[in-house]
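Notebook open, model loaded. I want to jot down what I look up, one residue or site at a time.

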Amino acid sequence: MPRARCERCLRPNDHCLCALIPSLDSRTRVLILQHPSEVNHALNTARLAALGLKNAELQRGEVFEDLAQWLSRPGYRACLLFPGEEAVALIASSADDMPLLLVVPDGTWRKARKLLHLNPLLAALPRVVLRNAPPSRYRLRKAPGPDALSTLEAIVHGLQTLEPAKSFEDLLRPFDALIDGQIAAMGEETFRRNHS
Ligand SMILES: [Zn+2]
C-alpha cells in the first residue's frame, strides 16, 4: 500500500514540507508550465515555488489551450525564462515598469524545448535569462551543466534580481529540507561515495 501523501506538497505525510513553505508577495507574476514527466519526480521543486508565492500558478501539460489567455493577463508583460539568441539578462525592475509575467518551463532541457515546439506562442515570447546565478544547492541529480539550477532556484534568483528590495530566500527552506532529508535517507556513506 502506498504511503499517504499530503495533498498540498505531495510529500509522504510524515515528511510533509508545508510548515516550511512561505506565502510571499511579489510584484512579478510567475507562471510555471510543467511537463507531465516532472510531476512524479522526487524533487518537484516547481510545485514548491507555486505554493510559496501568492502571485504564481502552475499549469501542467504539453499543449496549453488557454495559453493566449494566460499570457495576456492585464497589467503584465509576459516573457519566457529560457535561453535564446535574443535573450536579455534580467535586471532589477523599477516601479515605473510594467510588472513581468515570468513564464518558466519546468522539465529537462529536452522537455522544455518540446514545450516550446508544441506551443508556438511560448516560443514567440521575448526571452530572459539569469545572470550571475549562484551554483545550485541541488546535489542529487547530476545537472546538465555547471549553472543548471532547479526550477525553484531559478525562480528565486529571477525574483531576487527583479525585486532586490525583497527577500525570496524563504522559498528555499522546504527545498533545503527536502535535499537534507534525501541525503539522510540514502545514507551519508552512499552520498559521499556518489557525489564527492
Ligand atoms: Zn504538505
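I started with L10, and I keep in mind that this is a predicted model. Is L10 buried, partly exposed or exposed? Its relative accessibility comes out at 31%, so I put L10 down as partly exposed, since the buried class stops at under 20% and the exposed class begins over 50%.

Next I checked where L10 sits: it is in the segment before strand 1, which covers 29–34. The backbone caught my eye, as L10 has a positive phi of about 65 degrees and yet is not a glycine.

Then I asked which residues L10 is in contact with, once neighbours within four places in sequence are set aside. I found R5, N44 and R47. I also took the C-alpha to C-alpha distance from L10 to L48: 9.9 Å in space, with their positions 38 residues apart in sequence.

R47 and L48 sent me to helix 1, where both are among the buried residues. The others on that list are T45, A46, A49, A50 and G52. That makes seven of the eight residues of helix 1 (residues 45–52), so I noted the helix as largely enclosed by the rest of the structure.

Last stop, the zinc ion. Which atoms coordinate it? I get the SG atoms of C6, C9, C16 and C18, at 2.3 to 2.4 Å. Along the chain these donors are spaced C-x2-C-x6-C-x1-C. The angles among the four donor atoms run from 103 to 114 degrees, and I logged the site as tetrahedral.

I looked up accessibility for two of the cysteines. C6 counts as buried at 12%, and C9 is buried too, with a relative accessible area of 7%.

Terms used: Residues are numbered from 1 along each chain as its sequence is written. This is a predicted model: local features need pLDDT of at least 70, side-chain atom pairs count only at pLDDT 80 or more; totals for chains, interfaces and linings use all residues. Side-chain values use heavy atoms; hydrogens and water are left out. Buried means under 20% relative accessible area, exposed over 50%, partly exposed in between (1.4 Å probe, protein chains only). Helices (H or I, at least four residues) and strands (E, at least two) are DSSP runs, numbered from the N terminus. Contact means heavy atoms within 4.5 Å. Donors are N, O and S atoms within 2.8 Å of the metal (3.2 Å for Na, K and Ca); water is not among the atoms, so sites may look incomplete. Four donors count as tetrahedral if all angles lie between 85 and 135 degrees; four count as square planar and six as octahedral if opposite donors are over 155 degrees apart and all others between 65 and 115; anything else is irregular.
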